[in-house]
Amino acid sequence: MAPQLDGYFKQVDLMADSFISRLRSAVAIPSVSADPDLRPKVVAMANFLEAELKALGASVEKRLPGKQPGHPNLDLPPILLGRYGNDAKKRTILVYGHYDVQPALKEDGWATEPFDLTVDEQDRMYGRGSTDDKGPVLGWINAIEAHQKAGVEFPVNLLMCFEGMEEYGSEGLDDIIKEEASKFFKDAEAVCISDNYWLGTEKPCLTYGLRGCSYYSLTVSGPAQDLHSGVFGGTVTEPMTDLVRLLATLVDNKGKIQIPGLNELVAPLTDEEKELYNDISFEMSDLFHSLGSETSIHLNKEDTLMARWRYPTLSIHGIEGAYSAPGAKTVIPAKVIGKFSIRTVPNMEPDKVDELVFKFVGAEWKKLSSNNTMKCELQHSGNWWVASPKHWNFSAASKAVERVFGVKPDLTREGGSIPVTLTFEQATGKNVLLLPMGSSTDAAHSINEKLDKRNYVEGTKLLGAYLHYVAEEAQV
Ligand SMILES: [Zn+2]
């Protein structure tokens, strides 16, 4: 039986203005996690959420992860653990969000004050954190409040985990998730994370996969100091020449990775998976819009999306120590560090990827027969994640999308990584769903970040509706 949601939906519409004021209050707190000077504001933001939750009758505990690594005098902000409802007859759902934001200064090119939520005539709400991730976090709080005001019983026990260091590598979070998996989170039957975006602007999506990332550095050094090319050019083996030649062996300009064995690690494309790509609402013009050019590698939607989501890619990011300033200085850099990363997909094991990378780079280096020295190192790696979109957690979310938006959601993966997804899955052993609120044009991390009023208000309905459907969905 479809859940009774009309009363709840009507209440959300009635309260839209008050939900926007709540977002305005939250955006006004510059909780920038990357800036140690603003740490008190991050803590203030945690206190704001705690007060909002407590006012609605939720219980809130704080976990203090300790000092920030590398900053012996700087406390990491608290991780908020909230619980709303404690009824053994109801399902328990764990939701995650973050209350810190990326840095933002008006001088960066914002059209409005970044920490002053500004709504334009098209109902776009501009402000840092509006979509990433204060809007979605407040969506859960709005959902609780609208249920109370409408007199509709809350369908599940809701566990909440809200952190304040997401934009700075989620320092301190993993240990707490692992520790609380058997404590605060022990009743959780499924996990929902609202911290990514629709693929476009019209159609909601459910996300079931993320790529991993293995990041490497390639250091080539020889001379003891930088040299003048007029004096030493032609007499010294130049590290930059070696490095550029080496980097060029990794990938061709059509994006094909040249490292033997790597593509063989990739899970083959099944017919069932291939089918999923036909329906996805995405046009090449969407890509061109995001690129600001028409310089795509692939010519059609399917190949483009598969290249982004389900195949590995290798990108060369930069060269440290190279002369990159404007002008025509005739320097021979003595030591240069090339940086590249591989976005990984099922079933690429990070250790195996490292092994193939080191072996290939070593062999290519040998071919150069250089008398410089070369070192290839892994900087960091995070694994990929794929969930089953057939799980009841996903079917409930899909029904909720259809109910609120009148369309079936796109089932998407993402090319980037949200490491906490995998941490939750591994620590709790439960299915994790990514249920985004914002759209592709929201410009998270960029200037003029915004959240459309429609996405916020209908998104609040969606989060509440999801909880109703998840309460009813049969275990499969
Ligand atoms: Zn985020």
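These are my notebook entries on a predicted model, covering the annotated sites and some helix packing.

**Entry 1. Active site record**

I began with the UniProt record, an unreviewed entry, where the annotation "active site" covers Asp 100 and Glu 166. The two span 67 residues in sequence, yet their C-alpha atoms are no more than 6.7 Å apart, so they gather at one spot.

I looked up Asp 100 and found it in the loop between β5 and β6 (118–119). Is Asp 100 buried or exposed? Asp 100 has 28 other C-beta atoms within 10 Å and is therefore buried. Beyond residues up to four places away in sequence, Asp 100 touches Ser 31, Val 32, Ser 33 and Val 42, and also Gly 164, Met 165, Glu 166 and Glu 167.

Glu 166 sits in the loop between β8 and α5. I noted 24 other C-beta atoms within 10 Å of Glu 166, so Glu 166 is buried. Which residues does Glu 166 touch, not counting residues up to four places away in sequence? I found His 98 and Asp 100.

**Entry 2. A binding site with His 98**

Next I took the feature "binding site", which UniProt (unreviewed entry) places at His 98, Asp 132 and Asp 195. These positions are spread over 98 residues of sequence but cluster in space, with a largest C-alpha distance of 8.1 Å.

I placed His 98 in strand β5, which covers residues 92–98. His 98 counts as buried because it has 27 C-beta neighbours inside 10 Å. Leaving aside neighbours within four places in sequence, I listed its contacts as Asp 133, Phe 162, Glu 163, Gly 164, Glu 166 and Asp 195.

Asp 195 I found in the loop between β9 (190–193) and β10. Asp 195 counts as buried too, with 22 C-beta neighbours inside 10 Å. What does Asp 195 touch, not counting residues up to four places away in sequence? My list reads Gly 97, His 98, Asp 133, Pro 136 and Ile 418.

**Entry 3. A binding site with His 445**

The unreviewed UniProt entry also places the feature "binding site" at Asp 132, Glu 167 and His 445. Here the spread is 314 residues of sequence, and still the positions cluster in space, the largest C-alpha distance being 9.6 Å.

Asp 132 appears in this annotation and in the one with His 98. I located Asp 132 in helix α4, residues 130–150. With 27 C-beta neighbours inside 10 Å, Asp 132 counts as buried. Leaving aside neighbours within four places in sequence, Asp 132 is in contact with Val 101, Ala 444, His 445 and Glu 449. One of these, His 445, belongs to the annotation itself.

Glu 167 lies in the loop between β8 (157–163) and α5 (173–180). I counted Glu 167 as buried because 20 other C-beta atoms lie within 10 Å, and the cut-off for buried is 20 or more. Apart from residues up to four places away in sequence, Glu 167 touches Ser 33, Ala 34, Asp 100, Val 101 and Gln 102. Among them is Asp 100, from the active site annotation.

**Entry 4. Lys 134**

I went back to helix α4 for Lys 134. Lys 134 has 29 C-beta neighbours inside 10 Å and so counts as buried. Not counting residues up to four places away in sequence, Lys 134 touches Leu 23, Ala 26, Val 27, Tyr 99 and Gly 129. I also checked Leu 451: it is 317 residues from Lys 134 in sequence and 10.0 Å away in space, C-alpha to C-alpha.

**Entry 5. Helices α2 and α14**

I then compared helix α2 (residues 16–27) with helix α14 (residues 453–472) and noted a packing angle of about 105°, with the axes 11 Å apart. The two helices are therefore roughly perpendicular to each other. Which residues of α2 and α14 meet? Ala 16, Phe 19 and Leu 23 in α2 meet Tyr 456, Val 457 and Thr 460 in α14. By class I recorded five nonpolar residues, one polar and no charged ones in this contact.

**Entry 6. Helix α10**

Last I looked at helix α10, residues 301–309, and found its buried residues to be Leu 305, Arg 308 and Trp 309. They cover an arc of only 85° around the axis, which means that they are on the same side of α10. An α-helix has 3.6 residues a turn, so residues three or four places apart point the same way. What do the buried residues of α10 pack against? I noted β10 (205–210), α8 (271–278) and β18 (410–414).

Definitions and conventions
Residues are numbered from 1 along each chain as its sequence is written. This is a predicted model: local features need pLDDT of at least 70, side-chain atom pairs count only at pLDDT 80 or more; totals for chains, interfaces and linings use all residues. Axes are lines fitted to C-alpha atoms, for helices over the stretch in contact, and angles run from 0 to 180 degrees between N-to-C directions. Helices (H or I, at least four residues) and strands (E, at least two) are DSSP runs, numbered from the N terminus. Angles under 35 degrees count as roughly parallel, over 145 as roughly antiparallel, 65 to 115 as roughly perpendicular and the rest as oblique. Two residues are in contact if their C-beta atoms, placed from the backbone, lie within 7 Å. Ala, Val, Leu, Ile, Met, Phe, Trp, Tyr, Cys and Pro count as nonpolar, Asp, Glu, Lys and Arg as charged, and the others, Gly among them, as polar. A residue is buried if 20 or more other C-beta atoms lie within 10 Å of its own, exposed if 12 or fewer, and partly exposed in between; C-beta atoms are placed from the backbone. The arc is that of the directions from the helix axis to the C-beta atoms. UniProt positions are given in the numbering used here, feature names are shortened, and annotations may be inferred rather than shown by experiment.
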